[in-house]
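Welcome, and take a moment to turn the structure around before reading on. The notes below are meant as a friendly first tour.

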Amino acid sequence: MSEQDDGTYPGGFPAILRQMEGRRDPLGFAKGEALPPLDADLAPLLDQIVRDPATDPAEQDVPRSSHQRKRREIRSELAGASELCALNGLLIAHLRKRAQPAHTAALFHRLWADHADHLLDQLDLRWLVSSITTFGDHGLTGRQRQVGQAMTVLFGTMKLYETERLYSGLAPGRPFKLTGKSSETLPMEMDAYSVSYGGLDVNMLGRLWQDADHDAVIRPLAHHLLDQLIADERTVFRRLAMMRHRLARRRRKKAEARAERAATPDLPAGPLPRWGLVSTVRGSLRQIARFAAHHLELGAERIDLYLDEPDPAVFAALAHPRLHLTACDAAWWDAVGKDRPEQHQLRQSHNATRSYRNSDLDWLGHIDVDEFLLTEAPVASSLLAAGQEFAQLRMAPAEVLCSSDGAIRHFKLTREAAGQPVSVSEEIYPTFGMHLRDGFISHTAGKVFARTGISGARMGIHSLKIDGVRLANSGTLPGIYTGHLHAPDWDHFRAHLEFRRTKGSYRDRPESTRMGMAPLLDFLQEESGEAGLRQMFDELCADTPELRARLTKYNMLLTHRLDLDAAVARVFPDLPDD
């Protein structure tokens, strides 16, 4: 039996009208109650503040009428706003009914004719929408009623479909995947809107703007609401704009792929994959901008940045269509229905998994804000050439060497990445090579690009996992390294030592059978103090000719100059100086 056997509304329009009219009984007045007269002096109401009826001694009597009950409801909601706002709300309440005092509509019109700027400044969007819909029924001119009715239908329809869309599980700001479109026809024999070339949205919004422009009273309210509508990032208009942008980018990428394939015929057939990154970040605006700018210039289709310590300045400065910022504050964790994990590693995995499961990309990489993809080839071409059979592709790590001039130009590789035996460690790092076999003070696991769309998968720090187990179907991604600016200078290393020692990559790992960083740091601090730490840092991390020569001998030196501030200047030219 179909859920719609009795029709969408059993009883048809007679039943619809009965239900609608049942809510429109007029508000009654008790003796001595009335709306202000049409010629009332409204100016004092701008400066008088509404007191909450719950704490106002003048409002403690039991309401004697439906008018008085509605008045108290409105005053309770608008406590702290001006009395003019409360009067606007009360007039709207009366005008929604079948009947009201004869001058109600004229008084409502006068509020907006004389004090629109005040009301726009004081009222929230919900009350502003209620005001524009009131013009639809009670505007004093045909233009006011026309604009008000059109915007009533617009906002009412938006509320219906945006509410239903919540059941998709997607946040209002997340567009649907381009690959998920159904082939079903639309209701009422309508043709589907063309995301790429359709003009329905522009024509509809533009016509509303023009119609409102012809009436001086409704113009400020209507234009303000339309401005707010196109500025909101969570509407169907913004989602369609994002989809339009992605479709255009996809067509451009296909054209570029055809051109690139013509120039490099050894690439496999098929379109170049679309890739992006996710990272949970904390740090200065400049640090985050460097990360974003570098990878946007590499061609990332989308970068999801989860701000672990949200800063409004970051949102304001890093506006970019391919960069998506999420403020992971207390309200956000509450909205996702999860207590904020104490360990930052758990927060990273949680956020990366959210992006992975919502992604419409082909590949998603999970790296940290101090990690930068190092490659001389287009990332998409490298992903395509690596093969179609793998669920994830691992990028070997490359740890930065600290130069005296602050430039970032040399990185060291692990023995495994260079295909070298354990015996070379002590030749390259004479004192500490026996303890740290790769000479790395950061991780040696590397990071991965994960193929999206794998059911039940979660993104960990270094691998895609299912039921907590790393996927065995992994390959390598030749030609791309994860350049880790873990300790670009001594001061940075020393400043982050305590955090890394207690909560980060230097913490104790009882399951390890090797000495590792934690016991080595303990030993050095106990035996040699600061001098011992500095000796270790200089041997392992200092960009010296001697270390570069030893690394070069075993093919473990990677030279790749990074000018991150130049990338920032190109991508975010208006970024303020530090």
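What follows is a walk from the cores to the surface, then to a histidine, a sheet and the salt bridges.

Please keep in mind that this is a predicted model.

**The cores**

Let us begin inside. The largest nonpolar core has 49 residues. Those that touch the most other members are Trp275, Leu305, Leu318, Phe411, Phe449 and Phe572. Which helix gives the most to this core? That is helix H10, spanning residues 285-298, with 7 residues. There is also a second, separate core, made of 44 residues. Among its members are Leu78, Leu84, Leu120 and Phe237.

**A nonpolar patch outside**

Nonpolar side chains also appear on the surface. Leu186, Met188 and Met190 make a nonpolar surface patch of about 350 Å². To find Met190, look in the loop between helix H6 (142-165) and helix H7 (200-213).

**A histidine in a loop**

Is His486 buried or exposed? The loop that holds His486 runs between strand E12 (474-484) and helix H17 (490-502). His486 has a relative accessible area of 3%, and because buried means under 20%, His486 counts as buried. What is His486 in contact with, once neighbours within four places in sequence are left aside? The list is Asp370, Val400, Ile441, Ser442, His492, Arg500, Ser505 and Tyr506.

**A sheet of three strands**

Next comes an open sheet of 3 strands, in the order E9-E10-E11, with antiparallel pairing. Its edge strands are E9 (457-459) and E11 (469-470), each of which pairs on one side only. Strand E10, residues 464-466, pairs with E11 over 2 bridges in the antiparallel sense. Here Lys465 stands opposite Arg470 in E11. In general, the strands of a sheet pair through backbone hydrogen bonds.

**Salt bridges**

How many salt bridges does the structure hold? The count is 34. As background, side chains of opposite charge can pair when their charged atoms come close. Three of these pairs are set out here.

| Acidic residue | Basic residue | Closest N to O |
|---|---|---|
| Glu73 | Lys70 | 3.2 Å |
| Asp211 | Arg143 | 3.4 Å |
| Asp438 | Arg415 | 3.6 Å |

Glu73 and Lys70 sit in helix H2 (residues 66-77), 3 residues apart, which is about one turn of the helix. Glu73 is partly exposed, at 47% relative accessible area, and Lys70 is partly exposed too, at 26%.

The salt bridge of Asp211 and Arg143 links distant parts of the chain: Asp211 belongs to helix H7 and Arg143 to helix H6, and they are 68 residues apart. Asp211 has 10% relative accessibility and counts as buried, whereas Arg143 is partly exposed, with a relative accessible area of 29%.

Asp438 and Arg415 also form a salt bridge. This pair links distant parts of the chain, with the two positions 23 residues apart in numbering. Asp438 lies in the loop between helix H16 (424-428) and strand E8 (447-451), and Arg415 lies in helix H15 (residues 415-418). Both Asp438 and Arg415 are buried.

Salt bridges can also join into a wider group. Which residues are linked in a network of salt bridges? They are Arg282, Asp308, Glu309, Arg340 and Arg347.

Terms used:
Residues numbered from 1 in each chain as written. Predicted model: local features only at pLDDT ≥ 70, side-chain atom pairs only at ≥ 80, totals over all residues. Heavy atoms only, no water. Core = buried A, V, L, I, M, F, W, Y, C linked by side-chain atoms within 4.5 Å. Buried < 20%, exposed > 50% of the residue type's maximum accessible area, 1.4 Å probe, protein only. Helix = DSSP H or I, 4+ residues; strand = E, 2+ residues; numbered from the N terminus. Patch = residues over 30% accessible without salt bridge, like charges linked within 9 Å, V, L, I, M, F, W, Y side chains within 5 Å. Areas by Shrake-Rupley, 256 points an atom, 1.4 Å probe, with all protein chains shown as cover. Salt bridge = Lys/Arg side-chain N within 4 Å of Asp/Glu carboxyl O. Contact = heavy atoms within 4.5 Å. Pairing = 2+ DSSP bridges.
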